[in-house]
Amino acid sequence: MKNNLISNLSKRQLIELDACTRCGLCAEWCSVVLAVEDYVNTPMDKIRQYKDFIQATHGLRARLLGPKKIADEELERFADELYKCSTCGRCGAVCPVGIHCQELWIDIRATMRELGYGPQDKIDEALEILEKVHNPFGLPMEERNDWIPRDIEIPEKAELAFFVGCELAYKAKPMAQGAVRLLKAANIPFTILTDEWCCGFPPYVLGERGEEFAAEVEKNVEGLKAKGVKRVAPYCPCCLAVMRRGWPEVVELPFETVHVLKIIAEAVEDGKIKFNKSFKGTVTYHDPCYLSRGWGSGENLTDEPRTIIKSIPGVEIVEMEHNKKFSLCPGSGGGIRRTNLDLSHEMSIPVLKEAEATEAKVLLTACPAVYERFKMTINEKIYEPKIKIMDILEFAVAHL
Amino acid sequence: MEPSRVVYWNLEESWKLAFFIFASIALLIFLLGLWSRINIWTQGRDEENTLKGLGVAGLLWLSFKTFFSMDCILYRRLFTMSTFRGVMILFIVWSFLILFIGTILTTLEHYLDLKIFLTGRGYLVFSLILDIAGGLLIIGLVAALIRRYTTPVNRRISSLEDMAFLVLLLAVVVLGFAVEGLRLAIHAPPALDWSPIGGAFTALFKALLQSRESLLMAHKIAWIAHGVIAMIFVAYIPYSKIFHLFAAQITTSLSSTLYGGVVREE
């Protein structure tokens, strides 16, 4: 054993491993299990297996007779299963004994990464790309600010910084544009980091917390500090999650973090944003995993998006069968698109089917990763839903 | 004659000694396992203030303390997901707790010669409470076994380890009733109404076994089996998933305070 199986886990997490009653609720609610329609790789089985590893290396027998060697194949098989997970957190949301699985999975991934198990080649490849261009897509740095609308002037300094994130800057540009247009509409002064780097979520969620992760964090924090910002607001739920959990592991943050939707919802409630165009019909809203059950965030943003949607004249929300903290995961996060793309494809289908079942005209999302996941499902003809898909901010801007 | 119960009735000194040695070994195995498991917890990173700096004793005390928090004792999180499971667990845990307290009181009474619970009207009430608790525990355990091994989904995700806990505890309770039933069959006390389930076992054994000798022999066998399986159960706790008895209340309580809005229905 090159390393220690418990060094990345907190006291609470070690207690959590022992707290599992194997009641099976997590297995019944697991997004992966639902997508593959088989009870393999269930959260409770991962917990049992990891607990067995710890008992073998740190338990009473190990203390009396010395630690038992765990076979490489066993660890490899476990790590392989560990990455077949989008870290959506439904397992933790339903756990009767409060096991916060999302955090547990990524901290165990960190151990697997240190020990050299799991999709090492894919993680190394991601790190290489990140080191070169500071975004996970391998796209040129000079294209990062192409999303900025020409008619919007962004001041150099402000107390609030909109953290754009790679997905919004390169892929889901209408989301970034929607965010700045709504902030402008609310007369809220904000700035951005024009030399922003990746938030570090992709390596962090895959278990990599080494130099490259730290470099991305430090660069962003230094830039934000130099601008004297007091609040940093990302739109991407993954950015917010890593800012709240991963960034403080690298450096002390001299600012607060808040989600853009919270600011916009407050502006709507205060009457600072008014929607003048109406929408005739019904919409449904998909709660992104990291907003409704986000690790490290300590809050769930499920009311704010609905406040924004309901303030648009004529809109009627029809809820999907699974919503808020029980929303289905479309297989976009947790590094699953990089490590297990086929599984990610499969996971997107039940969500789209559930959205279609509402018979709403539009499916609104609030996560760039989910938005990109749906686009991929449609473009690659994995499933062609009979519902229009839009980002909530894009939808809101269209009704200003 | 005043209703009463004699502890270790129908057991020779040699059996008492053998049981004492066996129970001591089981307790030692239990304590070693308990210390070892909790010692692993202490090796984790200090993250939450509640757990910061806590050693084995501190964590054990926290486990005891958090058991009595509202979320734990009432299983509120479980009830938000399933009423059936909530009731099932309430039956198992509360009944187990009542029987556990009953056993401790009986032991104290016997060794300190208190004469509070094991004689007179107090004994009858005490007996009735334990009888009802035992009955509810059997209902809870049977419901858990049915849920785990009859529904296709649960059968698919359950292992033999999941069965061990339920079967061991069920055996302890059923044998406990058998001991009571046989004792009452031999003594034939007038106040059988205070032991409704034990009384049912009495009727069963009276129908099955006619002679006093065979009832005495059956009582002894049932007592030894009850004691041995109970001690195996105790020793098995820290080496099995039943150890969640010590851990689950801490995580339930922590998740309510740390992640109140995230994982719990308000």
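This is a short dialogue on reading a predicted model, starting with chain A and ending with its contact with chain B.

Me: How many helices and strands does chain A have?

Reply: The secondary structure of chain A comes to 22 helices and 7 strands.

Me: What does the radius of gyration say about chain A?

Reply: The idea is to set the value against the one for a compact globule with as many residues. For 400 residues that rule gives a radius near 21 Å, and chain A has 21 Å, so the two agree. The C-alpha trace of chain A spans about 75 × 50 × 35 Å along its principal axes.

Me: What share of chain A is buried?

Reply: Burial is read from how many other C-beta atoms lie within 10 Å of a residue's own, with 20 or more counting as buried. By that count, 52% of the 400 residues of chain A are buried. As for contacts in chain A between residues at least 6 apart in sequence, 80% join residues at least 24 apart.

Me: Which strands make up the open sheet in chain A, and in what order?

Reply: Three strands form it, in the order E1-E2-E3, with parallel pairing. Strand E1 (160–163) and strand E3 (256–257) are the edge strands, each pairing on one side only. E1(A) pairs with strand E2 (residues 231–234) over 4 bridges. At the level of residues, A:Phe163 has A:Pro234 in E2(A) as its bridge partner.

Me: Which elements make a β-α-β unit, and what is its hand?

Reply: Look for two strands joined through a helix, then follow the path. Here E6(A), helix H21 (residues 368–379) and E7(A) of chain A make a right-handed unit. The strands E6 (residues 362–365) and E7 (residues 388–391) pair in the parallel sense over 4 bridges, and A:Leu363 stands opposite A:Ile389.

Me: How does the span of helix H1 of chain B compare with the expected one?

Reply: Compare the end-to-end distance with the rise per residue. Helix H1 (residues 13–42) of chain B has 30 residues and reaches 43 Å from first to last C-alpha, close to the 44 Å expected at 1.5 Å a residue. Its buried residues include B:Ala26, B:Ile38 and B:Trp41. Among the elements that cover the buried residues of H1(B) are helix H4 (43–58) of chain A and helix H10 (212–236) of chain B.

Me: How many residues does each chain bring to the contact?

Reply: Chain B brings 36 residues and chain A 37. On the side of chain B, H11(B) gives the most, with 9 residues. By class, that side has 16 nonpolar, 11 polar and 9 charged residues.

Key. Residues are numbered from 1 along each chain as its sequence is written. Chains are lettered from A and ligands numbered from 1 in the order in which they are written. This is a predicted model: local features need pLDDT of at least 70, side-chain atom pairs count only at pLDDT 80 or more; totals for chains, interfaces and linings use all residues. The radius of gyration is taken over C-alpha atoms; the globule rule is 2.2 Å times the number of residues to the power 0.38. A residue is buried if 20 or more other C-beta atoms lie within 10 Å of its own, exposed if 12 or fewer, and partly exposed in between; C-beta atoms are placed from the backbone. Two residues are in contact if their C-beta atoms, placed from the backbone, lie within 7 Å. The expected span of a helix is 1.5 Å times one less than its number of residues. Ala, Val, Leu, Ile, Met, Phe, Trp, Tyr, Cys and Pro count as nonpolar, Asp, Glu, Lys and Arg as charged, and the others, Gly among them, as polar. Two strands pair if DSSP finds at least two bridges between them. A crossover is right-handed if, with the strands pointing away from the viewer, the path from the first strand over the helix to the second runs clockwise.
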